[in-house]
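Student: Please pick one part of this structure and go through it closely with me, cut-offs included. I'd like the overall picture in brief, then the details.

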Amino acid sequence: MWTRHKAVIVVAAVIVLAGLVTGVLFALLGGQAKNASATPSDTAELRSPFTGEPVRVLNPVLAVKIDNIVHARPQTGLTHADIVYVLPVEGGLSRFLAIFSSGYPPVVGPVRSAREDDLQVLRQFGRPAFAYSGATPALLRYIHRSARIVDLYAGTARGYYRDNSRVAPYNLYAHTGQLLAQAPGASRARDIGFRFGPPPPGGMVTGSASVSYPAASFKFTWSAARGRWLVSMDGVAAVTTDGGPLAPATVVIQHTTVRTSRFLEYGKRPPFAESVGSGTAEVLRDGKAWMTHWSRPDAEAGTTFTTTSGQRMTFATGQVWIVLAYP
């Protein structure tokens, strides 16, 4: 009797223990399956800090100095840029500093020479690759010695060529693939202060906005059909050779101090547009304009934009143009 009773107890205990083990295994495996199925939806989508658009990876930053005199138009590759900086140069004219990371056009140009204020703009990107045709001897020595860039000076780097169908010196172009192959240490895209998302409250309905240098003018006209600002330069619609009209999603007219450079150009000191400091800026997006305050405390930092109420100004996703304008 007693032996039979103990046997029954042992069998019952084994059954209970088996049930417990089965339950634990089911819970563990079920939890793993649940976590595995939840992983894709829980992973945040990677977006470019320069455009707010989805990207697969954060690529190296390639900056290219591009001419904007009338003989240099239409340019090549500008529609592929994440950011286009507009800077004043000697003679009251303008040039572009185009920033590429999300994607690279096969060819870009016309490539022109660097100015001192390019280097201040570029510091916020870390150590970007910088393609330029040259500089005055003193500035060129300074760039080689002191600039925190991957130096893609046309006098030493490969990938540049002349387009003989255009007039020199407005005919220097570069193959971006060859440029990037020489810049394995270039910094990758990172936060430089931009924020993207729905527009903040307010904003004034604006059909167009204009900004001028002494011998150059820009007009940005809202196109509801395209959801972009169409660019005109010196009264003519701006187009490219490879991507149609120039049409950024966001335009920033950033008013700043424009002093003179330490380095001479043609015997005179060219303009130096400060990108470090603070001031006012008009931000255009979605057919409206916001008056904002910009701040960049030092060259290592990015630029923040805030509305008059103190709220962070958000940009529309897509290409951003920043015009460094006279006060």
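**A three-strand sheet and two helices**

Tutor: Overall, the protein chain has four helices and 22 strands, where helices (H or I, at least four residues) and strands (E, at least two) are DSSP runs, numbered from the N terminus. This is a predicted model, so to speak with filters on: local features need pLDDT of at least 70, side-chain atom pairs count only at pLDDT 80 or more, and totals for chains, interfaces and linings use all residues. Residues are numbered from 1 along each chain as its sequence is written, and side-chain values use heavy atoms, with hydrogens and water left out.

Let's zoom in on an open sheet of three strands, ordered β4-β8-β7 and paired antiparallel. The edges belong to β4 (107-108) and β7 (160-162); each has a single partner strand, so one side of each lacks a neighbour in the sheet. Pairing here takes at least two bridges found by DSSP between two strands. In general, strands of a sheet pair through backbone hydrogen bonds, either parallel or antiparallel. β7 and β8 (residues 172-175) are joined by three bridges: Tyr-160 has Ala-174 as its bridge partner, and Arg-162 stands opposite Leu-172. On the β4 side, two bridges link β4 to β8, and there Val-107 is partnered with His-175.

Now for helix α3 (residues 137-146), whose buried residues (under 20% relative accessible area, 1.4 Å probe, protein chains only) are Leu-139, Leu-140 and Ile-143. They span an arc of only 100° around the axis, which puts them on the same side of α3; the arc is that of the directions from the helix axis to the C-beta atoms. Over on the other side, Pro-137, Arg-141 and Arg-145 are exposed, a label that calls for over 50%, with partly exposed in between. The buried residues of α3 pack against α2 (116-122), β5 (129-132) and β6 (150-153).

That brings us to Asp-117, which sits in helix α2. Asp-117 is buried yet has no salt bridge; Lys-65, the nearest side chain of opposite charge, is 5.2 Å away. A salt bridge needs a side-chain nitrogen of Lys or Arg within 4 Å of a carboxyl oxygen of Asp or Glu, and for charge, Lys and Arg count as positive, Asp and Glu as negative, with His and the chain ends not counted. Leaving aside neighbours within four places in sequence, Asp-117 is in contact (heavy atoms within 4.5 Å) with Leu-87, Pro-88, Pro-271, Phe-272 and Ala-273.
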